[in-house]
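Q: Hello! I am new to this structure and would like a close look at one part of it. Could you walk me through that part step by step?

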Amino acid sequence: MKAVRRVLFVFALLALGSAPALAQEFEKVTGPLREEIPAVPFVAAAYGIIWLAILFYVFIIARGLARVDGEIADLKRKVDRQDIRP
């Protein structure tokens, strides 16, 4: 258990030690800001995929429900054919 703690401590020190090095790579932004990756196509694609997934899920549920309704109707017909009297 102590070895695990030591390893975690060493990794934490290494992670904290590398943070200042990354912070020293500051680059001043010059000129007008512009959007490098347009977000609209990505957002539209994400919404489209989500809606397709929802519609697929509803289709699968509706198909399963229709199958179960058919099985229930079949069982009702079988029970009605048999004249069970107690």
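What share of the 86 residues of the protein count as buried? And please take a close look at the salt bridges in helix α2.

A: Happy to help! Please keep in mind that this is a predicted model. Of the 86 residues, 1% count as buried. The protein has two helices and zero strands, and its accessible surface comes to about 8900 Å², with 69% of that belonging to carbon and sulfur atoms.

Now to helix α2, which covers residues 39-81. The protein has three salt bridges. One of them joins E71 to R67, with 3.8 Å from N to O. These two residues sit four apart in helix α2, so about one helical turn separates them. E71 is partly exposed, at 46% relative accessible area, whereas R67 is exposed, at 55%.

Next comes D74, which is linked with R77 and K78 in a network of salt bridges. Towards R77, the closest N and O atoms are 3.4 Å apart; D74 and R77 are three residues apart in the helix, again about one helical turn. The side chain of K78 meets D74 at 3.8 Å, N to O, and that pair is four residues apart, also about one helical turn. D74 is partly exposed at 30% relative accessibility, R77 is partly exposed at 44%, and K78 is partly exposed at 45%.

Helix α2 also holds Y47, an exposed residue with a relative accessible area of 52%. Y47 belongs to a nonpolar surface patch with V43, I50, W51, I54, Y57, V58 and I61, and together they have about 840 Å² of accessible area.

Key
Residues are numbered from 1 along each chain as its sequence is written. This is a predicted model: local features need pLDDT of at least 70, side-chain atom pairs count only at pLDDT 80 or more; totals for chains, interfaces and linings use all residues. Side-chain values use heavy atoms; hydrogens and water are left out. Patches are made of residues with over 30% relative accessible area and no salt bridge: like charges are joined within 9 Å, nonpolar side chains (Val, Leu, Ile, Met, Phe, Trp, Tyr) within 5 Å. Accessible areas come from the Shrake-Rupley method with a 1.4 Å probe; for residues, only the protein chains shown count as cover. A salt bridge is a side-chain nitrogen of Lys or Arg within 4 Å of a carboxyl oxygen of Asp or Glu. Buried means under 20% relative accessible area, exposed over 50%, partly exposed in between (1.4 Å probe, protein chains only).
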